[in-house]
Every structure is written in C-alpha cells, then in structure tokens.
Amino acid sequence: MGQVNTLRNFIKSFVKYGDNKEILYEIDHGKIRPSKSLQDAIASMLKGNKEFIMIDEQKEVYDEILKQAKACQKDHKKRTIICQGGPGTGKSVIAINLLSALTHNGQFVQYVSKNSAPRQVYSAKLKGSIKKSSVDNMFKGSGSYTEVSKNMIHTVLVDEAHRLAAKSGMFHNKGENQIKELIHSAACSVFFIDESQRVTMDDIGSVAAIEKYAEMEKSEVTKMELISQFRCNGSNGYLAWLDNLLEIRQTANYNLEGIDYDFCVCPSPEVLRDKILEKNKKTNKARILAGYCWNWPKEGRNDTNYHDIRIGDFEISWNLSDGKAFAISETSVNEAGCIHTTQGLEFDYVGVIIGDDMRYENGHVITDFTKRASTDQSIKGLKSLYREDKEMALARAEEIIKNTYRTLMTRGMKGCYIYCTDKALSDYIQSRLPHKVITYPMVGEHQGLQAAESRAFYGKNEQKE
C-alpha cells in the first residue's frame with residue numbers, strides 16, 4: 001500500500017514500450033489452466049487404487065455433477081450442487097474422481113475441506129510426482145476464499161461441507177461466511193454434506209444455508225442424495241442400530257442380529273489396543289481413536305513416549321504433530337486419533353475409546369461437556385452459552401458429543417471395537433448386542449484385570465482372533 005509510484009517506476013525500468021494495454025487485458029481475462037504434469041499426477045493417484053473406485057449410484061451422481069460442471073463453462077451460468085449422504089456412501093470418493101476428471105478436462109478445480117487431515121493424506125499420495133505448490137493449490141482449506149474474485153475458479157469440490165464455519169482465520173476475524181465465499185468464487189460449487197456430522201460449535205454447514213447463499217449469488221441449485229452404504233461392510237443396518245443405540249433417532253434396529261459387521265465391546269483399553277495392533281499388521285489400515293476427553297498439551301506433541309491419555313495402567317499418546325498423516329503413517333497405530341484427525345477418512349478397523357463425556361444413567365445415554373478436555377476447541381463458547389441459555393447449551397452439547405462418537409464409530413469399513421470408561425455404558429451397549437460370548441488368546445498380560453474378564457466379552461462374531 002502507498003507504493004504505487006515505486007511499482008510503476010520498477011515496471012518502467014524493465015518494460016520500455018507499451019502495447020496499448022493488450023498484455024494487461026490478457027492477464028485480466030486469462031484462464032488458469034492445470035499443467036499437464038498436474039493432470040497426469042492426479043490421474044496416476046487414482047489409477048488402480050481400489051479406494052477410489054466408484055460403484056452403483058456413486059457413478060450416477062458423479063456423471064451428473066461432471067455434466068453440470070462442464071455446462072458452466074459453456075453457458076456461463078452459476079450452478080451449486082448439494083450432495084447429501086451418510087458415512088461411507090462415497091462422498092469423498094466422488095469428489096476425488098471429479099477432481100481428476102475435471103482437471104484432465106482443463107478446468108481449474110480445487111478440493112476444499114475445513115479439516116486438514118484429508119488434504120494431508122492426498123498430498124502425501126501425490127508427494128514426489130508434482131511440486132508442493134501445485135498440490136497446495138489443488139487442495140485448499142475452507143477459509144482460503146475470503147478475497148477470491150467472482151467465478152475465479154471453474155469448480156470447487158467442498159468435502160465435509162457440514163464442517164464449514166462462518167468466519168475464517170485463526171482468530172475467526174476474516175471474511176463473512178465460508179459458504180457464501182465458496183459459491184461466489186466458483187462458476188460451479190459442489191457441496192458434499194452430512195448434517196449429522198457437525199461436531200463443533202463453529203460448524204454451520206447445512207442444506208438450508210447453502211440454498212440461501214446460492215440464491216444470493218444467483219446460482220442454480222441441484223440437490224442429490226447418496227443412500228447406499230459402502231463402509232461398515234455395506235450395512236445400513238449398522239448405522240441405523242448406532243443411531244438407535246446412541247439415542248440420536250429411533251429406528252427398528254435394536255441389535256446387530258444378522259448384520260455382517262465386526263463389532264465388540266472390549267473389557268479394557270489394553271484388549272482394544274491388542275486387537276487393533278493385530279488387525280493393522282496386514283494392511284496398515286487399523287487405528288485407535290478416542291473422544292476428546294484428555295488434554296493435548298503443546299509439550300510432547302512430537303514425542304510418542306509422552307502419553308496424554310491415561311486410563312488406569314493404560315497409556316497412549318494423541319496422534320503426533322510431526323507433519324505425518326495419521327491415516328497412512330506406519331507408526332501412528334501406536335497413537336490415538338481424534339475427530340479432527342480422522343473425519344472424512346476411513347480405515348478397515350477402528351478401536352474407539354469412549355470417555356466420560358458420554359455415559360449411561362437412569363436408562364438413557366447422556367452427555368457431559370464438562371468432561372471434555374480443556375484443550376478441545378470444538379466446544380469453545382459452550383460455557384458462555386450455558387450461562388445464557390442452559391437448555392440450548394445442553395442440546396448443542398449433546399448433538400456435538402453424540403455426532404462425534406457416531407462419526408468415530410463409522411470410520412471402520414470392516415469392524416469397530418470400543419472401550420467405555422463408564423462401566424454402565426459398556427454394560428448397556430453389551431446388552432444391545434447378540435448375546436454371544438467370544439474368546440480369544442490373550443496378547444500379553446493386562447494388569448488390573450482378572451484373566452477370565454480379559455478373555456471374554458460380548459461381541460457379534462464367534463470367530464477366534
């Protein structure tokens with residue numbers, strides 16, 4: 001600012017003759033196009049990779065979005081597409097395939113997520129094939145659009161759109177509204193959303209909000225829905241049972257009878273860890289996750305020997321802050337991931353530690369936001385709201401906490417093992433399983449447990465580990 005003359009003199013020292021503003025016109029009206037190396041790299045990431053293969057209705061949704069995104073470049077109309085779908089219905093798979101196809105088609109496309117974990121994983125998969133700056137320009141945070149000009153981008157693919165916030169920046173002091181800014185920035189804006197996965201006080205992503213801002217930006221809206229479940233062994237029944245179990249909504253799925261999904265309640269966190277370590281040996285796709293009930297102090301964040309989570313004699317660190325992607329690092333099975341590390345990603349098996357923020361009392365699953373860690377920013381502002389409107393605060397807290405555990409417990413494609421710090425909650429969940437006791441060889445000795453207790457627990461499958 002204030003250095004216009006300095007800039008003018010600098011340009012004049014290198015550019016001797018003008019061209020009647022032709023270069024300035026080209027710059028102002030030019031189109032940003034992806035390089036051939038970028039097109040090849042993203043296509044290579046998908047080629048032969050089973051995790052990006054689309055099936056059934058995913059292909060139909062993909063084809064329709066692809067058609068509309070291409071149409072925007074021909075008729076210059078703004079379009080907004082809202083794609084709703086629960087956990088494991090393929091939202092991220094479609095988004096990444098669209099990123100590849102549209103990039104190959106010459107469009108300037110960006111994959112957007114508020115959560116950095118998915119972006120970190122995709123960046124790691126592309127590492128070495130293209131420049132870091134190219135990767136960073138393809139995968140963006142949702143707060144990157146506060147000053148982007150109208151229709152500067154051909155297509156934005158907004159994954160986990162339920163996590164969008166109003167303000168951007170570290171201090172939430174930038175921009176007006178992320179939904180509005182994203183729609184404004186692109187000719188075609190695509191929002192993949194599951195409203196039941198809003199897990200912080202700042203999450204404002206909703207179908208109604210997207211429709212509102214699309215109308216303001218004069219963007220034509222199309223709504224689509226993904227129903228078929230491809231995670232949790234393709235079982236919509238498991239998700240319905242989970243919603244019923246956590247008292248999120250009433251369903252007809254009282255137990256897991258007849259549902260092909262490996263679920264069990266472990267009698268100790270040591271048992272849970274042993275099972276996950278065993279499952280991880282084959283594919284490096286099993287992880288331990290936990291509710292945010294233990295602090296994550298700055299000291300020790302890069303030290304796997306600094307154990308943040310302690311339950312009796314059991315100790316484990318939160319995922320390390322060492323720049324490595326938790327979902328694919330070969331050592332992260334020794335740490336615990338939280339909702340912010342894993343939302344938007346999937347594994348073969350997950351072991352979920354449920355802390356004291358969710359318990360079973362007086363015949364109901366209750367939540368207690370006071371048991372969340374003080375370092376948890378997802379409930380920032382809840383205490384103030386509690387003083388102003390106790391009923392509203394408790395309802396918001398219940399939504400956040402139950403959505404958090406629902407999300408964690410649906411990250412596993414093949415199975416989910418849980419341990420509850422609240423014995424009553426553990427007993428309640430066991431009572432909602434088919435009553436089959438399974439046994440397996442103990443992997444190491446677990447202090448504080450009777451041998452019989454550590455060798456038997458309720459679960460769905462009768463096979464020995």
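In the predicted model, R287 of strand β8 stands opposite V350 in strand β12. This pairing belongs to a parallel arrangement in which β8 and β12, the latter comprising residues 347–354, are joined over 5 bridges. Strand β8 also pairs in the parallel sense with strand β11, residues 335–337, over 2 bridges, and here the bridge partner of L289 is G337. Strand β8 itself covers residues 286–290, and because 5 of its 5 residues are buried, the strand is largely enclosed by the rest of the structure. In a regular strand, side chains alternate between the two faces of the sheet. In β8, A286, I288 and A290 point one way while R287 and L289 point the other way, and all of these residues are buried.

The partner of L289 in this pairing, G337, has its place in strand β11 and is buried, with a relative accessible area of 0%. Setting aside residues up to four places away in sequence, G337 touches I288, L289 and A290, together with W318, N319 and F326. The C-alpha atoms of G337 and A290 are separated by 6.3 Å, although the two residues lie 47 residues apart along the chain. The residue numbered directly after G337, C338, also counts as buried, at 11% relative accessibility.

The cysteines were examined for disulfides, and the count comes to 0. C72 is in no disulfide, the nearest cysteine sulfur being that of C188 at 4.4 Å; as a disulfide requires sulfur atoms within 2.5 Å, this separation does not satisfy the criterion. C72 is nevertheless buried, with a relative accessible area of 2%.

Among the helices, α5 and α14 were compared with the span expected from their number of residues. Helix α5, residues 91–104, has 14 residues and should span 20 Å at 1.5 Å a residue, which agrees with the 20 Å between its end C-alpha atoms. Because 12 of the 14 residues of α5 are buried, this helix is largely enclosed by the rest of the structure. The buried residues are K91, S92, V93, I94, A95, I96, N97, L98, L99, S100, L102 and T103. Helix α5 is followed by G106, whose phi is positive, near 95 degrees. For helix α14, which comprises the 19 residues 390–408, the expected span at 1.5 Å a residue is 27 Å, and the end C-alpha atoms are likewise 27 Å apart, in agreement with that value. The buried residues of α14 include A393, R396, A397, I400 and I401, and in the later part of the helix K402, N403, T404, Y405, R406, T407 and L408.

A search of the whole structure finds 19 salt bridges. One of these involves two residues of α14, where the side chains of E399 and R396 meet with an N to O distance of 2.6 Å. E399 and R396 are 3 residues apart in α14 and are therefore separated by about one helical turn. An α-helix has 3.6 residues a turn, so residues three or four places apart point the same way. Of this pair, E399 is partly exposed, with a relative accessible area of 28%, whereas R396 is buried, with a relative accessible area of 18%.

A salt bridge with the corresponding spacing occurs in helix α11, residues 269–283, where E278 and K281 both lie, 3 residues apart and thus about one turn of the helix. The side chains of E278 and K281 meet at 3.1 Å, N to O. E278 counts as partly exposed, at 40% relative accessibility, whereas K281 is exposed, with a relative accessible area of 62%.

A further salt bridge joins two elements of secondary structure, as E211 pairs with K223, the closest N and O atoms being 3.2 Å apart. E211 lies in helix α9, residues 207–216, and K223 in strand β6, residues 220–226, so the pair ties together parts that are 12 residues apart in sequence. At 30% relative accessibility, E211 counts as partly exposed. Finally, D194, D243, R249 and R406 are linked in a network of salt bridges; of these residues, R406 is one of the buried residues of α14.

Technical notes. Residues numbered from 1 in each chain as written. Predicted model: local features only at pLDDT ≥ 70, side-chain atom pairs only at ≥ 80, totals over all residues. Heavy atoms only, no water. Buried < 20%, exposed > 50% of the residue type's maximum accessible area, 1.4 Å probe, protein only. Helix = DSSP H or I, 4+ residues; strand = E, 2+ residues; numbered from the N terminus. Pairing = 2+ DSSP bridges. Expected span 1.5 Å × (residues − 1). Contact = heavy atoms within 4.5 Å. Salt bridge = Lys/Arg side-chain N within 4 Å of Asp/Glu carboxyl O.
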